[in-house]
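Trainee: I am new to this protein and would like a close look at a single part of it. Please start with the whole and then work inwards.

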Amino acid sequence: MEKITSFTIDHIRLQPGIYVSRKDKVGNETITTFDLRMTSPNEEPVMNTAEVHTIEHLGATFLRNHPEFKDQVIYFGPMGCRTGFYLLLAGDYASADIVPLIRQMYEFIRDYKDEVPGASPMDCGNYLDMNLPMANYLANRYLEQVLYGIDDSRLIYPA
């Protein structure tokens with residue numbers, strides 16, 4: 001079998017950033033998959049499931065309510081390796097196109113202090129596995145270490 005695209009990226013050299021993982025055609029529409037890499041793979045500890053779950057709930061809520069992008073959002077969710085998230089948008093985008101959106105989303109997550117949307121037994125299959133303070137911390141870390149000073153080295157996968 002052929003390796004899938006995400007397994008062909010050099011995870012030894014990969015650093016946190018915003019990357020176009022792939023582009024797929026669905027009919028006449030392009031779907032752009034973004035790799036929102038929050039930690040350095042195989043170098044830093046991975047995120048725990050509770051904070052990943054919290055970021056997923058907050059990020060999805062933010063994106064699906066965004067005035068400009070809500071109709072383009074196909075999916076937002078965690079990577080199995082717990083080093084980041086995938087965001088799928090309808091449209092043909094470059095990484096730089098969504099930097100303002102991702103900054104806004106992580107500022108929302110960093111500053112969020114209320115009940116986590118969807119964190120109830122009726123709304124979620126694992127509603128108790130949440131950690132808002134760590135989600136706030138990790139969002140701030142991603143903003144400070146990556147998003148506020150992002151350049152091409154964190155927008156294009158390493159060759």
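Trainee: What radius of gyration would a compact globule with 159 residues have, and what does the protein have? After that, please turn to β4: how many of its seven residues are buried?

Mentor: Keep in mind that this is a predicted model. For 159 residues, a compact globule would have a radius of gyration near 15 Å, and the protein has 15 Å, so the two agree. The C-alpha trace spans about 40 × 40 × 35 Å along its principal axes. Of the 159 residues, 45% are buried. The protein exposes about 8600 Å², and carbon and sulfur atoms supply 52% of that area. Among contacts with a separation of 6 or more, 68% are between residues 24 or more positions apart.

There are three helices and four strands in the protein. Along the sequence they follow the pattern β-β-α-β-β-α-α. The four strands form an open sheet in the order β1-β2-β4-β3, with antiparallel pairing. Its edge strands are β1 (17–26) and β3 (73–78), each of which pairs on one side only. Neighbouring strands of the sheet are turned by 15° against each other on average, with direction ignored. As general background, strands of a sheet pair through backbone hydrogen bonds, either parallel or antiparallel.

Now to β4, which covers residues 84–90. In the sheet order it stands between β2 and β3. On one side, β4 is joined to β2 by seven bridges, and the two strands run antiparallel. In this pairing, R37 stands opposite G84 of β4. On the other side, β3 and β4 pair over five bridges, also in the antiparallel sense. The partners can be followed along β3: V73 is bridged to L89 of β4, F76 to L87, and P78 to F85.

β3 and β4 also form a hairpin, with five residues between the strands. One residue of that hairpin, R82, takes a positive phi near 65°. Helix α1 (residues 49–64) lies across β3 and β4 and runs at about 165° to β3.

As to burial, six of the seven residues of β4 are buried, so the strand is largely enclosed by the rest of the structure. β4 also contributes to the largest nonpolar core: β2 (29–37), α1, β3, β4, α2 (99–111) and α3 (132–145) each supply at least two of its residues. That core has 37 residues, of which I18, L36, I55, I102 and Y106 touch the most other members. In general terms, nonpolar side chains tend to be buried together in soluble globular proteins.

Y106 gives one link from the core back to the strand. Leaving aside neighbours within four places in sequence, Y106 is in contact with M38, I55, F85, A139, Y142, L143 and L147. F85 is the β4 residue already named as the bridge partner of P78.

M47 gives another link. It is found in the loop between β2 and α1, and with a relative accessible area of 3% it is buried; the cut-off for that word is under 20%. With neighbours within four places in sequence left aside, the contacts of M47 include R82, T83, G84 and F85. The same set also holds M38, T39, V52, I55 and L138. M47 and C81 are 34 residues apart in sequence, and their C-alpha atoms are 8.8 Å apart in space.

Past β4, in the loop between β4 and α2, is S95. At 4% relative accessibility, S95 counts as buried. Not counting residues up to four places away in sequence, S95 touches I18, Y19, V20, F34 and L155. S95 and T61 are likewise 34 residues apart in sequence, but 21 Å apart in space from C-alpha to C-alpha.

To put the part back in the whole: β4 pairs with β2 over seven bridges and with β3 over five, and six of its seven residues are buried.

Note on methods:
Residues numbered from 1 in each chain as written. Predicted model: local features only at pLDDT ≥ 70, side-chain atom pairs only at ≥ 80, totals over all residues. Heavy atoms only, no water. Pairing = 2+ DSSP bridges. Axes fitted to C-alpha atoms, helices over the stretch in contact; angles between N-to-C directions. Contact = heavy atoms within 4.5 Å. Rg over C-alpha atoms; globule rule 2.2 N^0.38 Å. Buried < 20%, exposed > 50% of the residue type's maximum accessible area, 1.4 Å probe, protein only. Areas by Shrake-Rupley, 256 points an atom, 1.4 Å probe, with all protein chains shown as cover. Core = buried A, V, L, I, M, F, W, Y, C linked by side-chain atoms within 4.5 Å.
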